[in-house]
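Trainee: I would like to work through the charged pairs and the nonpolar core of this model with you, one question at a time.

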Amino acid sequence: KSGWIETIDAIEVGQIGVTLGVGRAQRGRPVHPDTGCEFQVQIGEHVKQGETICTVFAAEKAAAHEAAVRIGSAVVIGEQPFDQPASRILKEITES
């Protein structure tokens, strides 16, 4: 649907990544660095119905489909624009 990105469930996105193989739930399991999720939107942005909000990289088609469905549930799209919450970043440390 069209609207504004209100929230993205970061815990769910992380769990989706583990399912895809980005990380591992058990020691000794393989890690697949070529898998994961790449968001094209941020909280507060307006999106149109049918617009890509996230690209899923997976080793298998079934895993990609499952991840896409879960991403769809992890992203909340509201009907009205809203003020974004204040950043939780207190200070950026950069090399000088």
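Trainee: Is E66 buried, exposed or partly exposed?

Mentor: In this predicted model, the relative accessible area of E66 comes to 41%. Because buried requires a value under 20% and exposed a value over 50%, E66 falls in between and is classed as partly exposed.

Trainee: How far apart are the closest N and O atoms of R70 and E66?

Mentor: Both R70 and E66 belong to helix α2, where they are separated by 4 residues, about one turn of the helix. The two form a salt bridge, and the distance between their closest N and O atoms is 3.9 Å.

Trainee: Which residue in helix α1 is linked with R70 by a salt bridge?

Mentor: The partner sits 58 residues from R70 in the chain, so that the pair links distant parts of it, helix α1 and helix α2. The closest N and O atoms of this pair are 2.8 Å apart. With a relative accessible area of 19%, against a limit of under 20% for buried, the partner counts as buried, and it is E12.

Trainee: How many salt bridges does a search of the whole structure find?

Mentor: E12, E66 and R70 are linked in a network of salt bridges, with R70 paired to E12 and also to E66. The search of the whole structure gives a count of 2.

Trainee: Which residues touch the most other members of the largest nonpolar core?

Mentor: This core has 13 residues, and α1 (10-20), α2 (61-74) and β5 (75-78) each supply at least two of them. Those that touch the most other members are I5, V47, I53, I71 and V75.

Conventions: Residues numbered from 1 in each chain as written. Predicted model: local features only at pLDDT ≥ 70, side-chain atom pairs only at ≥ 80, totals over all residues. Heavy atoms only, no water. Core = buried A, V, L, I, M, F, W, Y, C linked by side-chain atoms within 4.5 Å. Buried < 20%, exposed > 50% of the residue type's maximum accessible area, 1.4 Å probe, protein only. Helix = DSSP H or I, 4+ residues; strand = E, 2+ residues; numbered from the N terminus. Salt bridge = Lys/Arg side-chain N within 4 Å of Asp/Glu carboxyl O.
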